[in-house]
Amino acid sequence: MLYRTMPRVAERLSILGFGCMRLPTLNGEIDEPTASRMMNFAVENGVNYIDTARPYHGGKSEPFVGRALKGLRDKVQLATKLPSWLIKTRGDLDFHLNEQLTQLQTDHIDFYLLHALSAGRWENLLKLDIIGFMEKARAAGKIRYICFSFHDSLDTFKKIVDSYRWDMCQIQLNFLDDNYQAGVLGLKYARGKDIGVVIMEPLKGGNISISIPPDLHSAAKEAGYGKPTLADLGLRWVWNHSEVGLLLSGMSAPEQMTQNIESAAKGFPGTLTPKELDLVKTAKDLFVSRMRVPCTSCGYCIPCPKGVDIPQCFMNLNNAAISGNWEAQKAHYNYILADNRDGNKASVCVECGACETKCPQHIPIREKLKEVAAAFEMS
Ligand code: SF4
Ligand code: SF4
């Protein structure tokens, strides 16, 4: 494992962090034995940054992390987030932090982030003296580093960066989204102000880690790239930026963790070859031309009152569009979403619109679900 430092953070952090938002599941619940084994494996292999948040796995990620870190807590830096969209009063701030400490079974959270800030949420939090709250929590030893994660425009990002002496910020970045939200410009801006940067969605919710499509075979061969998927290239593209502190991967299976740990051994800045960079460009052009929905599978839009598994619907649509294998994705969609086993199909949507107000990517979810139903539910 390689480690990097951030200007205002004392610890050296593994360049691969374990994001606990897409843990392995069984029958819709966290597959706790497998997920716990992954936690142990990660720590044994040098991962020292664990990230969770209140909404992950319908509120079950934080309690899981609390249990899984028994005996490991002092080996890792623990990050979780204040659910900024749920905060109406000053009392809500204390409520969430105290409950998080209880569920995580710890007396302190190392990195405490204001979750998914946008202009409106930031304005609301400022009215509640959020910085005063965070500094008081730090003085009381409940949190150590004051941070935020972000989903809005670059201009808003710069305003938030400039409004406090943050220890770290977390942004979305991958080779498909290099110019989206904060993007590479935001990464450089924050680092230029001595704020450490953690990257989320490095593989765009798994869209980059599908098997290499036939159209890319010759470019991959030219670059000497022998992996079956683009995941390794996607992660190394992020680490190629010297301003990146670490990236979070929401690993859902032990094999993904093994592969990502292998990739992390090569995650030095500035080491992608010109041919690998050409491959990134070719892959990006191809993916962008094919993707139907810019969904990152973040899951903020769920639960849907009708149980529609929105991220799964869009994952299947994008994978089919990128790979060209519509039949396989149709079969997968109908298998995964059969009889509401893990969630409902797109056609169950009643167009209430509740999901769209929560989507950080501002996707017209109702309209896109109709495309999903047309692609996979018509015989
Ligand atoms: S618009 Fe459809 S998918 Fe979205 S929350 Fe309502 S029922 Fe669910
Ligand atoms: S539709 Fe939006 S909120 Fe839902 S998973 Fe995709 S990106 Fe996230």
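1. Two residues count as in contact here if their C-beta atoms, placed from the backbone, lie within 7 Å. With that in hand, let's start at helix α7, keeping in mind that this is a predicted model. The buried residues of α7 (residues 183–192) are G186, L187, Y189 and A190. Why do they sit on the same side of α7? Because the arc they cover around the axis is only 165°. As general background, an α-helix has 3.6 residues a turn, so residues three or four places apart point the same way. What do the buried residues of α7 pack against? Their partners are α6 (154–162), β10 (168–172) and β11 (196–200). Just after the helix comes D194, with a positive phi near 65°.

2. Now the overall layout. The protein chain splits into domain 1, residues 3–273, and domain 2, residues 310–376. Taken over C-alpha atoms, the domain centres are 25 Å apart. Eight residues from domain 1 and eight residues from domain 2 make up the contact. On the domain 1 side, the residues touching domain 2 break down as three nonpolar, five polar and no charged.

3. The largest nonpolar core holds 110 residues, and Y112, C147, C169, I199 and L247 are the ones that touch the most other members. Helix α12 gives the most to this core, eight residues. Both domain 1 (3–273) and domain 2 (310–376) feed into the core, each with at least three residues. C147 deserves a look on screen: setting aside residues up to four places away in sequence, C147 touches F111, Y112, L113, W166, D167, M168, C169 and Q170. Y112 and C169 from that list are also among the core residues that touch the most other members.

4. On to the ligands. Ligand 1 has 15 residues around it, with C304, V308, C349, C352 and C355 coming nearest. Helix α14 (residues 365–376) gives the most to this shell, with three residues. By class, the shell of ligand 1 has 11 nonpolar, one polar and three charged residues.

5. Around ligand 2 there are 15 residues, of which C295, C298, C301, P311 and C359 come nearest. Here the largest share, three residues, comes from helix α12 (residues 310–323). The class breakdown for ligand 2 is 10 nonpolar, four polar and one charged. While you are in this stretch of the chain, check the peptide bond from I302 to P303: it is cis, with omega near 5°. P303 belongs to the loop between α11 (274–290) and α12.

6. Is H115 buried or exposed? H115 sits in strand β8 (residues 109–117), and it counts as buried because it has 25 C-beta neighbours inside 10 Å, where the cut-off for buried is 20 or more. Beyond its neighbours within four places in sequence, H115 is in contact with A53, K81, L82, P83, S84 and S149.

7. G245 is another buried one, with 24 other C-beta atoms within 10 Å, though it lies in a loop, between α9 (231–239) and β12 (246–249). G245 and T5 are 240 residues apart in sequence, yet their C-alpha atoms are 6.4 Å apart. Leaving aside neighbours within four places in sequence, the contacts of G245 are R4, M6, L13, G196, V197 and V198.

8. I210 is in the loop between β11 and α8 (217–222). I210 counts as partly exposed because 19 other C-beta atoms lie within 10 Å, and buried would take 20 or more. Which residues does I210 touch, its neighbours within four places in sequence left aside? They are T229, N319, I322 and S323.

9. Last, two backbone spots to eyeball. Q105 is not a glycine, but its phi is positive, about 55°. Q105 lies in the loop between α3 (90–103) and β8 and is partly exposed, with 14 other C-beta atoms within 10 Å. D129 also has a positive phi of about 55° without being a glycine. D129 is in the loop between α4 (119–127) and α5 (130–139), and its 13 C-beta neighbours inside 10 Å make it partly exposed.

Notes: Residues numbered from 1 in each chain as written. Chains lettered and ligands numbered in written order. Predicted model: local features only at pLDDT ≥ 70, side-chain atom pairs only at ≥ 80, totals over all residues. Near = placed C-beta within 6 Å. Helix = DSSP H or I, 4+ residues; strand = E, 2+ residues; numbered from the N terminus. Nonpolar A, V, L, I, M, F, W, Y, C, P; charged D, E, K, R; others polar. Domains from an automatic or database assignment. Core = buried A, V, L, I, M, F, W, Y, C linked by C-beta atoms within 7 Å. Buried ≥ 20, exposed ≤ 12 C-beta atoms within 10 Å, placed from the backbone. Arc of directions from axis to C-beta.
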